[in-house]
Amino acid sequence: MRWEGGRRSSNVEDRRGMTSRPAFVGGGLGTIVLVLVALYFGVDPSFLLQNAPVGGAQQESGPPLGADGQPDPAADFISVVLADTEDTWTAIFAEGGQRYRAPNLVLFSGNVQSACGFAQSAMGPFYCPADQKAYIDLSFYQDLRDRFQAPGDFAQAYVLAHEVGHHVQNLLGLSAKVQQARRQASEAEGNALSVRLELQADCLAGIWAHHADRSRQILETGDIDEALAAASAIGDDRLQQQSQGYVTPDSFTHGSAEQRVRWFKRGLASGQLEACDTFGVESL
Ligand SMILES: [Zn+2]
């Protein structure tokens, strides 16, 4: 991915090296087990930690630098990708006569307090609709490379673009609708809704890649394959097979590897929001 000359976002909050403690351990064992099981990236913890209180968030802003004040390539890269999603979605929203309010990106290490509750790195990157922030422990990218065999800078960009996709869903009012529908749904129905929401975020990540490349020619040979490898590696079927040795489709919350790849590609090919109507199609 050609990113070095890109604009850096001013919406990065660097909370690495800060210690967070859960303000309150809510939900008991069930919550803890869910959080531990939630190795999937992109789990929206508001579904898991709905009862956890809003903690006093520590904040620090400024350009991403390492703990020693030296330049920090990983944080620098993610800041450029975030800025690119800002430019892309600002333009798409403007076409529809809307103003895009960019999300903040919180970098953390180990664990973090969000408005959706206390979260640990093991949960993977996530987006919290309540504070409109995406959260990433950059060590996830080592996991992506080593554990999920999905290396490459564009794989990393896709992960952030997926979280920003959740922010777009939030701005469009979709997250709230799905959350409300889930309250009256059975567990299997709720999971099916979650899959549609997640696949849509993958499709929105594809829309970002489509426009970013058209306006700024960011893609290099192999980049799309990197994103597809990541989307596929973190499909529910792959993760379940890896962690428990078998696959239970009713419990999918993000979609299968094949579905994640298909929806990312749809967004990438068309660049249009209409291509991402995962709620309007019968079969995913
Ligand atoms: Zn997600």
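Me: Is Cys 128 buried or exposed?
Reply: Happy to help, and keep in mind that this is a predicted model. A residue counts as buried when its relative accessible area is under 20%. The value for Cys 128 is 0%, so Cys 128 is buried.

Me: Which residue forms a disulfide with Cys 128?
Reply: Two cysteine sulfur atoms within 2.5 Å make a disulfide. The sulfur of Cys 128 has a partner sulfur 2.1 Å away. That partner belongs to Cys 116.

Me: How many residues apart in sequence are the parts that Cys 116 and Cys 128 tie together?
Reply: Let's place each one. Cys 116 sits in the loop between strand 3 (111–114) and strand 4 (117–120), while Cys 128 belongs to strand 5 (residues 126–128). The parts they tie together are therefore apart in sequence by 12 residues.

Me: Is the disulfide of Cys 203 and Cys 276 right-handed or left-handed?
Reply: These two cysteines are joined with an S to S distance of 2.0 Å. Look next at the torsion about their S-S bond, which is about -80°. That value is why the disulfide is left-handed.

Me: Where does Cys 276 lie?
Reply: Its partner, Cys 203, is in helix 7 (residues 187–216). The pair links distant parts of the chain, 73 residues apart. Cys 276 is found in the segment after helix 10 (257–270).

Me: What pattern do the disulfides of the protein chain follow?
Reply: A search of the whole structure finds two disulfides. Count the bonded cysteines along the chain. The pattern is then 1-2, 3-4.

Key
Residues numbered from 1 in each chain as written. Predicted model: local features only at pLDDT ≥ 70, side-chain atom pairs only at ≥ 80, totals over all residues. Heavy atoms only, no water. Helix = DSSP H or I, 4+ residues; strand = E, 2+ residues; numbered from the N terminus. Buried < 20%, exposed > 50% of the residue type's maximum accessible area, 1.4 Å probe, protein only.
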